[in-house]
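Student: I've got a new model open and I'd like to talk it through with you. Can we start with one of the helices and work outward?

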Amino acid sequence: MPRYKLTIEYDGTPFVGWQIQADGLSVQGLVETAIEALTGEKTIIQGAGRTDAGVHALGQIAHAELSKDWQPNIVRDALNAYLRPHPIAVLAAEKAADDFDARFSAKRRHYLYRIINRRADLALERERAWRVPRPLDEGAMHEAAQLLVGKHDFTTFRSTECQAKSPLKTLDALGVAREGDEVRVAACARSFLHNQVRSMVGALVNVSEGKWSAGDVAAAPAARDRTACGQVAPPQGLYLVKVDY
């Protein structure tokens, strides 16, 4: 059966997340429904990242096996037609190797967290960023972030509902930069624990606000204490940007 690689963009606001759940609309479920409308067959797709409710994607990757050898542009355009009016877009459909797996073939995942650092409420960005009214020191946040780069036990930064077998992860990069009122936190790794990026962002904001020191960040992995993390950044600021293969 031909295997297709799908690049998908979505606004996560109205969804329970990527993964199908008992209640509510999921991105995975809607894409599978669109494939069934095109092919007449039920298909289970696999995504590279199981984003939570409210989390967005600029470049989620999924793979699907279709019984017919469709032209990729037809697959893309047909799925987009069936996905309307939901805020999901298939940016590209490509034929993939039989052993390509969107999740397990991934070498690196890139996430972006957006903070709007201003006093005024958000109007256009209400569900697409986290507003932090107090002035943030992005330099101090970036310096503290470097203490988390590398291989660590990230238990302190994982959700209590995380299903990963091991808390050990290698964080390839974690950077903080400002563009006007926007503070951007970029994270890159082969894989992440559930809520890891949002928890790390919350800790970096704690550093800027004086609630944590750089030493606290450095000691957090060794603590292996989920309750020590403090705040977890809200989901609406998080984006799955791209996946490397």
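Student: Which elements are included in what covers the buried residues of α2?
Tutor: Keep in mind that this is a predicted model. Start with the residues to be covered: in α2 they are Val75, Ala78, Leu79, Asn80 and Leu83. The cover over them includes β1 (3-10), α1 (27-39) and β4 (88-96).

Student: How far does α2 reach from its first C-alpha to its last?
Tutor: Helix α2 covers residues 72-83, so twelve residues, and the expected span takes 1.5 Å times one less than that number. That expectation comes to 16 Å, and the helix is close to it. From first C-alpha to last, α2 reaches 16 Å.

Student: Moving on from the helix, is His86 buried, partly exposed or exposed?
Tutor: His86 sits in the loop between α2 and β4. Its relative accessible area is 28%. Buried would need under 20% and exposed over 50%, so His86 is partly exposed.

Student: Which residues does His86 touch, not counting those up to four places away in sequence?
Tutor: One of them is Leu30, which is 56 residues from His86 in sequence but 8.6 Å away in space, C-alpha to C-alpha. With sequence neighbours up to four places away left out, His86 touches Phe15, Leu25 and Leu30.

Student: Now β5: how many of its nine residues are buried?
Tutor: Look at its strand partners. β5 runs antiparallel to β10 (residues 238-244) over six bridges, and His110 stands opposite Lys242 there. β9 (residues 182-189) is also antiparallel to β5, with eight bridges, while β6 (residues 130-131) is parallel to β5, with two. β5 is largely enclosed by the rest of the structure, because the buried count is eight of the nine.

Student: Which residue in β9 is the bridge partner of Arg109?
Tutor: β5 and β9 pair in the antiparallel sense. Within that pairing, the partner of Arg109 is Ala189.

Student: And the largest pocket, which element gives the most to its lining?
Tutor: This pocket has a volume of about 1,100 Å³. Of its 35 lining residues, the closest to the centre are Arg50, Arg103, Phe192, Leu193 and His194. β5 (108-116) and α4 (196-208) each supply at least two lining residues. With three residues, the one that gives the most is α4.

Student: How many residues of that lining are charged?
Tutor: Split the lining by residue type. There are 14 nonpolar and twelve polar residues, and the charged ones number nine.

Note on methods
Residues numbered from 1 in each chain as written. Predicted model: local features only at pLDDT ≥ 70, side-chain atom pairs only at ≥ 80, totals over all residues. Heavy atoms only, no water. 1 Å grid on protein atoms, 1.4 Å probe; cavity = no way out; pocket = protein on both sides within 12 Å on 5 of 7 lines; lining within 4 Å. Points joined across faces, edges and corners; volume = space filled by probe spheres on them. Helix = DSSP H or I, 4+ residues; strand = E, 2+ residues; numbered from the N terminus. Nonpolar A, V, L, I, M, F, W, Y, C, P; charged D, E, K, R; others polar. Buried < 20%, exposed > 50% of the residue type's maximum accessible area, 1.4 Å probe, protein only. Pairing = 2+ DSSP bridges. Contact = heavy atoms within 4.5 Å.
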